[in-house]
Amino acid sequence: MTRDRLYLFDTTLRDGAQTTGVDFSLADKQAIARLLDDLGVDYVEGGYPGANPLDTQFFSQPNGLKAKFTAFGMTKRAGRSAANDPGVAGLLDAEADAICFVAKSWDHQVRMALGISLEENLDSIRDSVATAKARGREVLLDCEHFFDGYKANPDYALACARTAHEAGARWVVLCDTNGGTLPHEVERIVGEVVKVIPGSHLGIHAHNDTEQAVANSLAAVRAGVRQIQGTLNGLGERCGNANLTSLIPTLLLKPAYADRFEIGVDAARLENLTRISRKLDELLNRMPDHHAPYVGSSAFATKAGIHASAVMKDPSTYEHVPPESVGNRRKLLVSDQAGKSNILAELERLGLAIDKDDPRLSRLLGALKDKEAQGYAYEGADASFFLLAKRILGSVPEFFFVERFSVNVERRWNERGELGVFSEAIVKVKVGTEELISAAEGHGPVNALDTALRKDLGKYQSVIEDLKLIDYKVRVFQGGTDAVTRVLIEFQDAAGDRWATVGVSDNIIDASFQALVDSMTYKLLKAGAEV
């Protein structure tokens, strides 16, 4: 059976840039565009040339992408022709394969926001699309507020879409701009639109304000559209856009869509999806969403012992797709709810496989539950669990011994007369027979401790130089100011490997130091350092 082609349009670099706390540099945009191109999306929307210097520079030279590089902008202003409109001229001058115009398609917005007549808005659509097409560009029109416009005045919303199509737009994109339309409404309305414009020329642009942008996009596909617009990791204004990181594997791996449609992403490229998702977060200095579908670190994580036992026998009991298909991996978490199945699976993953009847397994399970009773949590601290297991099942070399540490936090005026808080740490360690003392200042006591500990580890210094602390979490889980505190620290090395460690104490500095020492020890063990 011949499958229909679905086209993927990524707007991470434009709509995604409206995410609170997200700011792209030019280098970021170039790197992300390459990631998207390698993934296999059909269109990469780069931004709004002319609206700001960064986007103008981004579109100033050829980019070498296989995907169609797309410039975004407004249709011409009322009262002038597209040929004499500076905004349209900026789009036509951009080094772009396609131009995506945006136009109001809700009569209320035309009158209220633009302050023009309904016919003037149609003229702006018609003239802008025709002018860009005459200049040899592929043209798209985003019909802003289409679904609200259709509910209010279906004839006018359809007139906007039809005008763009008749003027030569390759794609007319139906936008759920405020994200409030529901899947059954999208499917019904798109079903009416395809009676006027072929589905092979229609797209969907869904926002996630009701947590249904992915569902709305799939509903639109079922009703006939053949282009989906969205962003990596669901970035976007307010609650985000349709998440291509969820849509792509659904389209490829679920028979209801895979049997009917083909996309530009193949199975081999899909295996890079988790890496690409996390690379984007790394570029933006954001922590990945651990619970994100398909790509989150918990997407294929099982905690309860009875579930783990079932997964070991038949993964499909709790996994709807193989984690490897999206570049992720199975995790059977070790916790106070864990049974032997969890422990065995995690040990095997860590390269410490033992027989299920080995008496050391019961000792490890007992130690794990004792530790968690004290406040330790190993389900998010794989490196600390590895060290705990290694100590019970075998041994962990003592690469270094911390004889003492101290931290001083002082609030004082600096030489410029500015009031600030300054942290300094001193660490004394013993490496073999060598005693080393290091002192360092830092941005807070933990940073000072981390810097001092890693400042001089003698013969191991070269092994730990590439370490980067990328996340630090504190949880108080008992009491008030005298509470027991749990600290989770995540490190990354130059190879891109990540690991997390945990420390617990009624002193936050001590808990942090435990986690730091575990991280250093794990790195040295992983690197095969000799005592």
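Which helices each supply at least two residues of the lining of the second largest pocket? Some notes on that and a few other surface features; bear in mind that this is a predicted model.

1. To take the opening question: helix H9 (213-223), helix H10 (244-253) and H13 each put at least two residues into the lining of the second largest pocket. The volume of this pocket comes to about 510 Å³. It has 30 lining residues, with Asn233, Gly234, Asn243, Asp289 and Ala292 closest to the centre. Sorted by class, that lining is 11 nonpolar, 13 polar and 6 charged.

2. Now the largest pocket, which holds about 1,300 Å³ of space. Its lining runs to 44 residues, and Ser297, Arg329, Lys331, Asp382 and Glu490 sit nearest the centre. The class split here is 16 nonpolar, 10 polar and 18 charged.

3. Several elements contribute at least two residues each to the lining of the largest pocket. Among them are the helices H13 (273-283), H15 (340-349), H17 (382-393) and H20 (508-526). The strands include E16 (468-478), E17 (484-492) and E18 (498-505). H13 is worth a second look: it supplies at least two lining residues to the largest pocket and at least two to the second largest.

4. Don't skip the nonpolar surface patch made of Tyr472, Val474, Val476 and Ile508, with about 300 Å² of accessible area together. E16 is the main contributor, with 3 residues.

5. Ile508 of that patch belongs to helix H20. Is Ile508 buried or partly exposed? Its relative accessibility is 37%, so it counts as partly exposed.

Note on methods: Residues are numbered from 1 along each chain as its sequence is written. This is a predicted model: local features need pLDDT of at least 70, side-chain atom pairs count only at pLDDT 80 or more; totals for chains, interfaces and linings use all residues. Side-chain values use heavy atoms; hydrogens and water are left out. On a 1 Å grid over the protein atoms alone, a cavity is a set of points where a 1.4 Å probe fits but cannot get out, and a pocket is an open set with protein on both sides within 12 Å along at least five of seven lines; lining residues have an atom within 4 Å of a point. Grid points are joined across faces, edges and corners, and a volume is the space filled by probe spheres set on the points. Helices (H or I, at least four residues) and strands (E, at least two) are DSSP runs, numbered from the N terminus. Ala, Val, Leu, Ile, Met, Phe, Trp, Tyr, Cys and Pro count as nonpolar, Asp, Glu, Lys and Arg as charged, and the others, Gly among them, as polar. Patches are made of residues with over 30% relative accessible area and no salt bridge: like charges are joined within 9 Å, nonpolar side chains (Val, Leu, Ile, Met, Phe, Trp, Tyr) within 5 Å. Accessible areas come from the Shrake-Rupley method with a 1.4 Å probe; for residues, only the protein chains shown count as cover. A salt bridge is a side-chain nitrogen of Lys or Arg within 4 Å of a carboxyl oxygen of Asp or Glu. Buried means under 20% relative accessible area, exposed over 50%, partly exposed in between (1.4 Å probe, protein chains only).
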